[in-house]
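Dear colleague,

I am passing on the structure that you asked to look through, and below it you will find my notes. Please keep the model open while you read, so that you can follow each part on the screen.

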Number of protein chains: 2
Amino acid sequence: MNGEDTCMIRGDGGRILRAVLDRICNKWTLLVVATLDQGTVRFTDLHRQIPGISQRMLTLTLRNLEADGLVTRTVHPEVPPRVEYALTPTGKSLIPPALALASWAADHVPEIEATRAAREHG
Amino acid sequence: MNGEDTCMIRGDGGRILRAVLDRICNKWTLLVVATLDQGTVRFTDLHRQIPGISQRMLTLTLRNLEADGLVTRTVHPEVPPRVEYALTPTGKSLIPPALALASWAADHVPEIEATRAAREHG
DNA sequence: CAGTATCCGTAAGGATACTG
DNA sequence: CAGTATCCTTACGGATACTG
């Protein structure tokens, strides 16, 4: 790989790249998508399965994913209420590139953090 | 793909995912890396090839990449000064997952933006 | 040429309390 | 149960001016 074809990244001044970064580059989106890969999940279950997320951020993240057509939201008119979230096909299609990224991280983050740590103290 | 193995993403409460997001989830990093895939590039050439980036953000982005060991910085002691940047092997290894992401964006962003637009006006 | 230094506005996200 | 409503802090990034 030596410059032959990063045009998909750099093309149009990075607009297509920016479009995807605008969606996934926040603290919770990819984590929520990955959690929904197991199937249909209720709000509270998501909240429990994603450590550290607040109700507010979970709601915001889900609403954005819904607006983008990556997640469906199904309200069951019961008491107490039951709301279920699931990935759309488009949402599912995000899993492989997300895995590619996570896989890269698993392979390289240790050395990256070592490099940064070495630089910091001396 | 149905929940069988997103553990690389969700594992450890998403720490490995967060580690990579902390690096690449900003406005310029992936664009700079992609631009450096062509080989060795000078500061001003980078500045010219990445539309919209300020000197300040280019410098900050490069310094972070350098601290992470993804980019080398070579100063040639001349007048006027010449500074060249290039990807390390680790830096190059980031290109494929970045392409996977960009490729996903190229395939799906149009429909995503259509979905969001449809939702917005009514 | 290759940066620093400074100032400033916005927006992302956390904490907490409340509700149909 | 599944959210809203506020308040608040900080971190990111843009604009501009200056320098070895």
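When two copies of a chain are compared here, they are superposed by least squares on the C-alpha atoms of residues with pLDDT of at least 70 in both. This is a predicted model, in which local features need pLDDT of at least 70 and side-chain atom pairs count only at pLDDT 80 or more, while totals for chains, interfaces and linings use all residues. Residues are numbered from 1 along each chain as its sequence is written, chains are lettered from A and ligands numbered from 1 in the order in which they are written, and side-chain values use heavy atoms, with hydrogens and water left out.

The two protein chains

A turn of 180° with a shift of 0.0 Å along the axis lays chain A on chain B with an RMSD of 0.0 Å, and that is the relation of a two-fold axis. The C-alpha of chain A that lies nearest this axis belongs to Cys25(A), at 2.6 Å from it. Of the interface residues of chain A, 100% are also interface residues in chain B, so the copies meet through the same surface.

The sheet and helices of chain A

Helices (H or I, at least four residues) and strands (E, at least two) are DSSP runs, numbered from the N terminus, and two strands pair if DSSP finds at least two bridges between them. Chain A has an open sheet of three strands in the order E1-E3-E2, with antiparallel pairing. Strands E1 (41-42) and E2 (71-76) of chain A stand at the edges, each with a single partner strand, so one side of each is left without a neighbour in the sheet. Six bridges pair E2(A) with E3(A), residues 82-87, in the antiparallel sense, and Val71(A) stands opposite Leu87(A) in E3(A).

Helix H2 of chain A, residues 29-36, lies across E1, E2 and E3 of that chain and runs at about 95° to E3(A). Contact here means heavy atoms within 4.5 Å; axes are lines fitted to C-alpha atoms, for helices over the stretch in contact, and angles run from 0 to 180 degrees between N-to-C directions. Helix H4 of chain A, residues 55-67, lies across E2 and E3 of chain A, at about 110° to E2(A).

The sheet of chain B

In chain B there is likewise an open sheet of three strands with the order E1-E3-E2 and antiparallel pairing, and its edge strands, E1 and E2, each pair on one side only. E1(B), residues 41-42, is joined to E3(B) by two bridges, with Arg42(B) opposite Glu84(B) and Val41(B) opposite Tyr85(B). E2(B) and E3(B) form a hairpin with five residues between them, and the bridge partner of Arg73(B) in E3(B) is Tyr85(B).

DNA strand C

Which residues come nearest to DNA strand C? Of the 19 residues around this strand, they are Lys27(A), Arg56(A), Thr44(B), Arg73(B) and Tyr85(B), where a residue counts as near if one of its heavy atoms lies within 4 Å of the strand. Of the atoms of DNA strand C within 4 Å of the protein, 61% belong to sugar or phosphate and the rest to bases.

For polar contacts, the cut-off is a pair of N or O atoms within 3.5 Å; within protein, one must be able to donate a hydrogen and the other to accept it, and residues adjacent in sequence count only if both atoms are side-chain atoms. An N or O atom in the side chain of Arg73(B) is 2.6 Å from a phosphate oxygen of DNA strand C, whereas one in the side chain of Gln55(B) is 2.7 Å from a base nitrogen of that strand. H4(B) gives the largest share of the surface near DNA strand C, with four residues.

DNA strand D

Around DNA strand D there are 19 residues, and the closest are Thr44(A), Arg73(A), Tyr85(A), Lys27(B) and Arg56(B). A phosphate oxygen of DNA strand D is 2.6 Å from an N or O atom in the side chain of Arg73(A), and a backbone N or O atom of Val83(A) lies 3.2 Å from a phosphate oxygen of this strand. The side chain of Arg56(B) has an N or O atom 2.6 Å from a base nitrogen of DNA strand D. The most residues in the surface near DNA strand D, four, come from H4(A).

With best wishes
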